[in-house]
Amino acid sequence: MIFNDSTINYIQLGMDVASIRQNVIASNIANIDTPNYKEKIVKFHNFLDNNQLPLETTNPNHINPQENLKDIVVVKSNSYLERNDKNNVNLTEQEAALAKNQILYNALAAFAKYKFGEYKNIISSSQGA
């Protein structure tokens, strides 16, 4: 069954972005002792600030939020706080970003579970009618 529910598509897109952000943060932490390494960040907020997610469709009944992932950009941070080895990764900031991202992902997963629970209730109630 294909769900034509934009909420599910936005949840999926949010979870995909959180997954990408998780990988970028993990890379920053893994390279904390690499000389000249510059912290990387995921730029997605500017895209969301436009209050629109232009979804491309291949069929009027299908919405593919994966197409929007092309608008996510991983860039080097402009942080001026560098150590002597020219590395600007701050472990405390990365751990905080990791925790924040995990909370976001868990919230999206809980909301997805809630939405699918609604579908389950609708299906169960229609079978009894």
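The side chains of Asp85 and Arg83 meet in a salt bridge, with 3.4 Å from N to O. I begin with this pair, and I shall return to both residues shortly. Please keep in mind throughout that we are looking at a predicted model.

How exposed are the two partners? Asp85 has a relative accessibility of 27% and therefore counts as partly exposed. Arg83, at 34%, is partly exposed as well.

Both residues also belong to the surroundings of Asp33. Leaving aside neighbours within four places in sequence, Asp33 is in contact with Arg83, Asp85 and Asn87. Asp33 itself sits in the loop between α1, residues 6-30, and β1, residues 40-43. Is Asp33 buried or exposed? Its relative accessibility is 64%, and because exposed means over 50%, Asp33 counts as exposed. Another distance helps to place this loop: the C-alpha atoms of Asp33 and Asn88 are separated by 9.9 Å, although the two residues stand 55 residues apart along the chain.

Let me now step back to the whole chain. It contains three helices and two strands. Read from the N terminus, these elements follow the order α-β-α-β-α. The chain has 129 residues, of which 27% are buried. Its accessible surface comes to about 8800 Å², and carbon and sulfur atoms account for 55% of that surface. As for contacts between residues at least 6 apart in sequence, 77% join residues at least 24 apart.

How confident is the prediction? The mean pLDDT of the chain is 79, and 72% of the residues reach 70 or more. Confidence is highest in α1, at a mean of 90, and lowest in helix α2, residues 45-49, at a mean of 52. Where pLDDT is low, the predicted coordinates should not be read in detail. I shall accordingly say no more about α2.

We return to the salt bridges. How many does the structure hold? There are three. The pair of Asp85 and Arg83 is one of them. In another, the side chains of Lys38 and Glu82 meet at 2.5 Å, N to O. Lys38 lies in the loop between α1 and β1, while Glu82 lies in the loop between β2, residues 73-76, and α3, so this pair ties together parts that are 44 residues apart in sequence. Glu82 is partly exposed, at 36% relative accessibility.

A further salt bridge joins the side chains of Lys115 and Glu118, at 3.2 Å, N to O. Here both partners lie in helix α3, three residues apart, which is about one turn of the helix. Are these two charged residues buried or exposed? Lys115 has a relative accessible area of 13% and is buried, whereas Glu118, at 27%, is partly exposed.

Next, consider Val89, which is placed in the loop between β2 and α3. Val89 counts as buried because its relative accessibility is 5%, and buried means under 20%. Which residues surround it? Neighbours within four places in sequence aside, Val89 is in contact with Asn28, Ile32, Tyr37, Glu39, Arg83 and Gln94. We therefore meet Arg83 once more, on the contact list of Val89. With Asn28, the C-alpha to C-alpha distance is 6.6 Å, across a separation of 61 residues in sequence.

Gln94 deserves a closer look. Gln94 lies in helix α3 and is buried, with a relative accessible area of 3%. Not counting residues up to four places away in sequence, Gln94 touches Ile25, Asn28, Ile29, Glu39 and Val89. Asn28 and Glu39 appear on this list and also among the contacts of Val89. In addition, the side chains of Gln94 and Asn28 are joined by a polar contact of 3.1 Å.

Finally, which residues make up the largest nonpolar core? There are six of them: Ile8, Ile11, Met15, Leu108, Ala112 and Tyr119. Helices α1 and α3, the latter spanning residues 91-128, each supply at least two residues of this core. In soluble globular proteins, nonpolar side chains tend to be buried together.

To close, I suggest locating two places in the model yourselves. One is the salt bridge between Lys38 and Glu82, which links two loops. The other is the nonpolar core, to which α1 and α3 both contribute. Thank you for your attention.

Terms used:
Residues are numbered from 1 along each chain as its sequence is written. This is a predicted model: local features need pLDDT of at least 70, side-chain atom pairs count only at pLDDT 80 or more; totals for chains, interfaces and linings use all residues. Side-chain values use heavy atoms; hydrogens and water are left out. Helices (H or I, at least four residues) and strands (E, at least two) are DSSP runs, numbered from the N terminus. Buried means under 20% relative accessible area, exposed over 50%, partly exposed in between (1.4 Å probe, protein chains only). Contact means heavy atoms within 4.5 Å. Accessible areas come from the Shrake-Rupley method with a 1.4 Å probe; for residues, only the protein chains shown count as cover. A nonpolar core is a set of buried Ala, Val, Leu, Ile, Met, Phe, Trp, Tyr and Cys residues joined through side-chain atoms within 4.5 Å. pLDDT is the predictor's confidence in each residue, from 0 to 100. A salt bridge is a side-chain nitrogen of Lys or Arg within 4 Å of a carboxyl oxygen of Asp or Glu. A polar contact is a pair of N or O atoms within 3.5 Å; within protein, one must be able to donate a hydrogen and the other to accept it, and residues adjacent in sequence count only if both atoms are side-chain atoms.
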